[in-house]
Each structure stands twice: as C-alpha cells, then as structure tokens.
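Subject: structure handover, strands and sheets

Hi,

Here's the structure I promised to pass on. Have a look at it first, and my notes on the strands follow underneath.

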Amino acid sequence: MKEKKKNICIDSRAFNLLLLLSSSFFALFSLFLYPPMAASPNNISLENRLEGYVGNLSAAQTTALKQLWIKLFALFKQEGQPYVVPTKPAQPETKATGGFFGFGAKVEPVQKDVFLGATTDEKWLTLPEEKAIELIPGSMLHKTFWNLVATDNPDASLCRFLRARKWDCEAAYKMLINTLRWRLVMRVDEIASLGESGLRDLLNKSLDGMGDSFIKQVHSGKATLGGPDKAGRVVCFINVQLHHKEEQSLEVVKLLTLYIMETSRLACGYPMNNAGLVFNLENFTLSNMDFEFVKFLLGCLEAYYPETLGSCYIHKAPWVFSTVWAMITPLLDPEVASKIVFTKDLEELTKYIDVSNLPVIITGNPNRKTKDESTKADPPAPGTLNPPQTPAVVAFLGALEKYEIVTKAWAETQTVENDTEDAIRRLENGRAYRVARIKAEKDLRGPTIYHAKGLVKVTDEGRLILDFGVDSSGQIDVTECV
C-alpha cells in the first residue's frame, strides 16, 4: 500500500523569516567571498567628521543609505525602452509677434535648444519621474549614475541626496532618479567627457558658430573658478557686469553653467564637501540681468547638485538690484537662502576669502593676480566620447565592479549602532574606488582650461592635485580624501 504524500504548509510569517535568514546568509557569504576592497596604507580617521556625513552616520542614516543602494541596484536591472535618435533635427517652432489680432504679424523662430536634449526622448524629462524613469534602459541609468559619482566617494554622493531630503529614503530616491534622467537629457556626461575643446567641436557641428560662442563665454571672465575661501572651498566667481543676455543664446549659457559646475566638483570631496559662489554685482545694471539664467542656476543647485553649495556671497549689490532681488527671493529654496551672505565692500568680502585669492575685477589691484589670471596656457586637447581601454580604465572598471559587489552584500546586512569598524571599511572601499577612478581620469574626462593652467592636475602617478596659487595653500593632494 502506497504511503500518501503529506502537504507541507508554511504560513506567511515563517516564509518571510526563511527569506530573511537566507538573504542574511547570502550577504554574509558574499562578504566572505568579497572582503573589503584593498585600501591605501594611509590610515582613515573618523575624527572631526560632520554628523550626517560618511564616517559619522547614525544607525538610522546608515539604514537609509543601504536602502537607497538597494533601490538603485534594482533600477539598473530594468530593460526600459531603447530610443532611436531622429536622423533629421527638429525644425524650429515659430510664433507671430506684433500685428493686429495676428494680421500683419512678424513670424520669428522660437529659441529652441540645438544640442541639449537632442539625443534623448523628450518624454524622459516631460513626464513625471516615476513614469519617465521606466522608459530609460537601466544600463544608461547605471552609466550616468557612475558619471555623476565620478571621483567622489560613492556613499558620499548618495548622502548628498539623503541629507537634502532629511534622510527620507523614498524622497531621496525620487530626487536622485530625477537627477539621472536630467543628466541624460542635458548630456552632462558628454560635456565632462569632451572637455571644452571637444565640446566646441561638437557644438559647431550641431550649429555653425555655436561652439565658438561657447569658448568665448568660457574665456570671457564672467564665470571663473578660484579660491579657496577661508573654509578651504573652491570658489566660483560670477562677474555679472561682463554678461549681456543678447550676446549669446540661453543654451550656450546653460552649457557654460554645466561645464563650470562639473569642473568644480573635482574639488568638492572630503573635507571640502561643497563649493563657494560669489556674485560680483559691482557696476551691475538692468542690462546685465538674465532672469532665465538665474532660474536655471538655482534649479541646478536645488534639484540636481544637492548639498554642493557651501556659501553664496552677493557682493556690492547696487540699489537697483533690490527690484531684481524681489523677483528672485520667491524662487529660493530655504536651504540655499540660508547660505546667502551680502557683502557691501572688499573689507567685508575678505572676512570670508583672502584678498590674495580674489580676482582683479573684484580687488581692483592689477598687480596682484590669481593663478587663473596670471597663468597663460594653450587650449586643452579635446576629449573623447569613446575612451581608450587603457590599463587605468580597465583597472577602474574592475574596481567599480568590485565596489558594487561589496556594496550589494553590505546593503543586505543588519545595521549596528556605533559600528566604527563598518564605517572605516566603507571609507576604505570608497577610497579604493576613488583612487582607481582618479588614475583613469585623463582617459575618462576631457581636459579644461583649469587643467591646462595647473589649478587641477592629475599626475602621471595618478594623483589628483589642486593648486590655487602661491599665496594660498599651495599644492594639495586630495587623491585619498574620502
């Protein structure tokens, strides 16, 4: 007589418990197979780390960071819908201006971006982020995410979004995916990979003279990098008197903004976690006002480059600026607004930035120039969108893969309060990734005029050096700063 088979039933609570145990076992097994990445012999310290920054996270903050990593890894697996770039560029829209109820009106082309958004589906940016993100292949999101991280400590990059959203993981995730789709549409990765000379060439192919207009803006002096301020931050100086809205298209101004912001991020690692911004309004008139640029810049700082603005100095604002300020104030995020300081003269500004680190247009002293002003350099070589598979690039891709393996395993582990060993291991992993990325920097990022002048330098040994000039801190090796 055959024995009847027994039906084995497991209730949902037991099943969930089994899943939890199995996932924990897999995470621990993965950590055994893939131990923390090899670190530099230099010791990492947890002392003087700001609360809410890597190296000084609470258990709840660490858990939120792990959850954000898990959501990202799941996102990178999605198929999405491949997009085919149209062979013919879209025709410019037209609108009627003047005339009487449209009769006798003059038809003029509507200013439309030529380069920005040309290689992506417009729905990627026009749809709500939850719907748009489903259309984008995970491989593209994966690539642009790591280009966003670039030379930063990956955990530090995610913590910027978490801090901006008060450690609400879901809100931080929405902010991050919104940034990723925006970077794809705005072609930020291409801007960084090509550098100014490569971008000039590609822009000229998109529209005759557009690349030359971009280069003119880069060297106009209206937006320059320098510093440091007294907190050790790189500083972007915007000299508004040199800007006239009608001299270039808004798209070129956007490209200049992205170029400067991406370049400045090289100096925004620990302990200089953010940058300074000086709006020099000396000799400002309403003819210098460009409201569309201001809106674009504020949008970038608030939505796409969170926690990168350390301070904003509005210098020598004339009385006429009060009208403009009344228009700008409602646009300001409270976090950005809290970082704004008004300085009425040079004495006040030098409370925050040494006079030796200020450009001549602010100090009025032509005998004391910054390194940027005093150094002459040939135009940098163009970068490429197809980096060579050099040993440094191959090594970096291996380091990136290992970082992801280690991080996937770590994200599944249980968080322990005040786990200093875990905090140091994560910093070591971040440092190993950063060092490998910097060694491949010359192959992955197009050089800028700041590289040509020596303000930013990647040595043949793969060290990242910042050099603001003789009168500041001298050369600073930031290669292993995480």
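Let me start towards the C-terminal end of the strand list: strand β9 (residues 464-467) runs antiparallel to β10, and three bridges join the two. Within that pair, Asp467 sits opposite Gln475 of β10. Before you read on, keep in mind that this is a predicted model.

Both strands belong to an open sheet of three, ordered β8-β9-β10, where the pairing is antiparallel. Its edges are β8 (456-458) and β10 (475-477), each of which pairs on one side only. On average, neighbouring strands here are turned by 25 degrees against each other, ignoring direction.

There's also an open sheet of five strands, and this one has mixed pairing; the order is β3-β4-β5-β6-β7. At the edges you'll find β3 (223-226) and β7 (340-343), again pairing on one side only. The average turn between neighbours in this sheet is 20 degrees, direction ignored.

The two ends of that sheet show where the mix comes from:

- β3 and strand β4 (residues 235-239) pair in the antiparallel sense over four bridges, with Gly226 opposite Val235 in β4.
- Strand β6 (residues 309-315) and β7 run parallel, joined by four bridges, and His315 faces Thr343 in β7.

One last thing on β3. Side chains in a regular strand alternate between the two faces of the sheet. In β3, Ala223 and Leu225 point one way while Thr224 and Gly226 point the other, and all of them are buried.

Cheers

Note on methods:
Residues are numbered from 1 along each chain as its sequence is written. This is a predicted model: local features need pLDDT of at least 70, side-chain atom pairs count only at pLDDT 80 or more; totals for chains, interfaces and linings use all residues. Side-chain values use heavy atoms; hydrogens and water are left out. Two strands pair if DSSP finds at least two bridges between them. Axes are lines fitted to C-alpha atoms, for helices over the stretch in contact, and angles run from 0 to 180 degrees between N-to-C directions. Buried means under 20% relative accessible area, exposed over 50%, partly exposed in between (1.4 Å probe, protein chains only).
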